[in-house]
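The following account introduces a protein model to a reader who meets it for the first time. It is best read with the sequence and the structure in view.

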Amino acid sequence: MREMASTPIKISDSEWEVMRVIWTQESTTAQEIVEILGQTMDWKAATIKTLLGRLVKKEAVRTEQSGKKYIYYPAISEGETVKSATESLFSHICAKRIGETIAELVAEAALTDADVALINEQLMNKKTVPTIECNCIPGQCECNHHK
């Protein structure tokens, strides 16, 4: 088994849906993905094959031929992809709002007792900083840092 790529790869919302199947299955065919996503997403086989082609081109997925079929394998890890997407989200907001945004995410998410315990543990071990500097271009935020 090859190592997964560590370089962040940007994938669309539709590509995420396909990747979730590939990450779960670990190896799969286009037909299996069509069966899993075809009804819930109301996508045609051609749409899923187009998405697979894009993911292969982006090197998010690798393929091996098995007879007349291709087997699809994840070339990027789910954890690293989620982390990259989160970092991308946070890079688009004022650094002074990240804590507020995390609090909003926690407030909106359905969480188990184990999830809450994990978050509390992370918070208890988190080293804080006295202040956070705004990282915005003047006119991008309302923190009055640029006035």
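**From the sheet to the whole chain**

Six bridges connect strand 2 with strand 3, which covers residues 69-74, and the two strands run antiparallel. Within this pairing, Gln65 stands opposite Tyr70 of strand 3. The model described here is a predicted one. In general, the strands of a sheet are held in pairs by backbone hydrogen bonds, in either a parallel or an antiparallel manner.

The pairing just described belongs to an open sheet of three strands, with the order 1-3-2 and antiparallel pairing. Its edges are formed by strand 1 (28-29) and strand 2 (61-66), each of which pairs on one side only. Across strand 1, strand 2 and strand 3 lies helix 1, made up of residues 13-25. The direction of helix 1 is at about 90° to strand 3.

The loops offer two details of the backbone. Glu26 is located in the loop between helix 1 and strand 1. Although Glu26 is not a glycine, its phi is positive, at about 70°. Is Glu26 buried or exposed? With a relative accessible area of 57%, Glu26 is exposed, because the cut-off for that class is over 50%.

A second residue of this kind is Asp42, which is not a glycine and has a positive phi near 55°. Asp42 occupies a place in the loop that lies between helix 2 (30-37) and helix 3 (45-57). The relative accessible area of Asp42 is 67%, so Asp42 is exposed.

These elements may now be placed within the chain. The protein chain contains six helices and three strands. How are they arranged along the sequence? The pattern, read along the sequence, is α-β-α-α-β-β-α-α-α.

The overall dimensions complete the description. The C-alpha trace of the protein chain spans about 65 × 40 × 30 Å along its principal axes. The radius of gyration of the protein chain is 20 Å, whereas a compact globule of 147 residues would have one near 15 Å. Among the 147 residues of the protein chain, 26% count as buried. The protein chain exposes about 11100 Å², of which 51% is supplied by carbon and sulfur atoms. As for contacts in the protein chain with a separation of 6 or more, 57% of them are accounted for by residues 24 or more positions apart.

Methods:
Residues numbered from 1 in each chain as written. Predicted model: local features only at pLDDT ≥ 70, side-chain atom pairs only at ≥ 80, totals over all residues. Heavy atoms only, no water. Pairing = 2+ DSSP bridges. Helix = DSSP H or I, 4+ residues; strand = E, 2+ residues; numbered from the N terminus. Contact = heavy atoms within 4.5 Å. Axes fitted to C-alpha atoms, helices over the stretch in contact; angles between N-to-C directions. Buried < 20%, exposed > 50% of the residue type's maximum accessible area, 1.4 Å probe, protein only. Rg over C-alpha atoms; globule rule 2.2 N^0.38 Å. Areas by Shrake-Rupley, 256 points an atom, 1.4 Å probe, with all protein chains shown as cover.
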